Amino acid sequence: MRNIKVPNSENVSRFDRCLRRLLGHINQSVLEKYLRSGLILLDNKKTKSSVKVKSGQIIFYSNEI
């Protein structure tokens with residue numbers, strides 16, 4: 001698993017939009033699938049794409065992504 005710290009510029013943005021800006025373009029349906037299966041975690045917990053992220057939180061994602 002790799003991780004990224006949420007930067008200040010992404011404070012209070014949606015998790016899915018933040019991921020797209022940090023990791024590059026990811027199809028929404030694929031992103032939802034990764035979130036459901038636990039390949040992408042926010043602070044080591046499963047979460048929904050509509051959750052608002054805060055600066056300093058850690059995004060964990062699989063090496064497969």
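The following exercises, each with a worked solution, concern a predicted model of a protein chain.

**Exercise 1. Confidence of the model**

Determine the mean pLDDT of the chain, and state where confidence is lowest and where it is highest.

Solution. The mean pLDDT of the chain is 94. A value of 70 or more is reached by 100% of the residues. Turning to the elements, confidence is lowest in α1, with a mean of 93, and highest in β2, at 97.

**Exercise 2. The sheet**

Establish the order of the strands in the sheet, and explain which strands stand at the edges.

Solution. Begin with the order: 3 strands form an open sheet, arranged β1-β3-β2 with antiparallel pairing. Next, consider the partners. β1 (2–5) and β2 each have a single partner strand, so one side of each is left without a neighbour in the sheet, and both stand at the edges. On average, neighbouring strands are turned by 20° against each other, direction ignored.

The pairings may then be examined one by one. β1 and β3 run antiparallel and are joined by 4 bridges; within β3, Phe60 is the bridge partner of Asn3. β2 and β3 also pair in the antiparallel sense, over 3 bridges, and here Tyr61 of β3 is the bridge partner of Ile40.

**Exercise 3. The buried side of helix α1**

Identify the buried residues of helix α1 (residues 15–23), and explain how they are placed around its axis.

Solution. The buried residues are Phe15, Asp16, Cys18 and Leu19. Because they cover an arc of only 160° around the axis, they lie on the same side of α1. A general property of helices assists the reading: an α-helix has 3.6 residues a turn, so residues three or four places apart point the same way.

The surroundings of this side follow. The buried residues of α1 pack against α2 (28–37), β2 (40–42) and β3. The helix itself lies across β1, β2 and β3, and runs at about 70° to β3. Just after α1, Gly24 takes a positive phi of about 100°.

**Exercise 4. Asp16 in its surroundings**

Decide whether Asp16 is buried or exposed, and list its contacts beyond four places in sequence.

Solution. Asp16 lies in helix α1. Its relative accessibility is 4%, and residues under 20% are classed as buried, so Asp16 counts as buried. Leaving out residues up to four places away in sequence, Asp16 touches Gln28, Leu31 and Ser49. The contact with Leu31 may also be read from the other partner: apart from neighbours within four places, Leu31 is in contact with Asp16, Leu19, Arg20, Ile26 and Ile40.

**Exercise 5. The nonpolar core**

State how many residues the largest nonpolar core has, and which element gives the most to this core.

Solution. The largest nonpolar core has 13 residues. Those with the most contacts inside it are Phe15, Leu19, Leu31, Ile40, Val53 and Ile59. At least two residues of this core come from each of α1, α2, β2 and β3. α1 gives the most, with 3 residues.

**Exercise 6. The loop between β2 and β3**

Compare the exposure of Asp43, Asn44 and Lys45, and find which of the residues Asp43 and Asn44 have a positive phi.

Solution. First, locate the residues. Asp43 is found in the loop between β2 and β3, as are Asn44 and Lys45.

Second, apply the cut-off: over 50% relative accessible area is exposed, and values from there down to 20% are partly exposed. Asp43, at 35%, is therefore partly exposed. Asn44, at 54%, is exposed, and Lys45, at 58%, likewise counts as exposed.

Third, consider the backbone. Most residues other than glycine have a negative phi. Asp43, however, has a positive phi near 55°, and Asn44 has a positive phi near 60°.

Finally, a distance: Lys45 and Ser55 are 10 residues apart in sequence, and their C-alpha atoms are 16 Å apart in space.

**Exercise 7. The segment after β3**

Describe where Ser62 is placed, whether Ser62 is buried or exposed, and which residues Ser62 touches.

Solution. Ser62 belongs to the segment after β3 (58–61). Its relative accessible area is 10%, so Ser62 is buried. Residues up to four places away in sequence being left out, Ser62 touches Met1 and Leu39.

How values were computed
Residues are numbered from 1 along each chain as its sequence is written. This is a predicted model: local features need pLDDT of at least 70, side-chain atom pairs count only at pLDDT 80 or more; totals for chains, interfaces and linings use all residues. Side-chain values use heavy atoms; hydrogens and water are left out. Buried means under 20% relative accessible area, exposed over 50%, partly exposed in between (1.4 Å probe, protein chains only). Contact means heavy atoms within 4.5 Å. The arc is that of the directions from the helix axis to the C-beta atoms. pLDDT is the predictor's confidence in each residue, from 0 to 100. Two strands pair if DSSP finds at least two bridges between them. Axes are lines fitted to C-alpha atoms, for helices over the stretch in contact, and angles run from 0 to 180 degrees between N-to-C directions. A nonpolar core is a set of buried Ala, Val, Leu, Ile, Met, Phe, Trp, Tyr and Cys residues joined through side-chain atoms within 4.5 Å.
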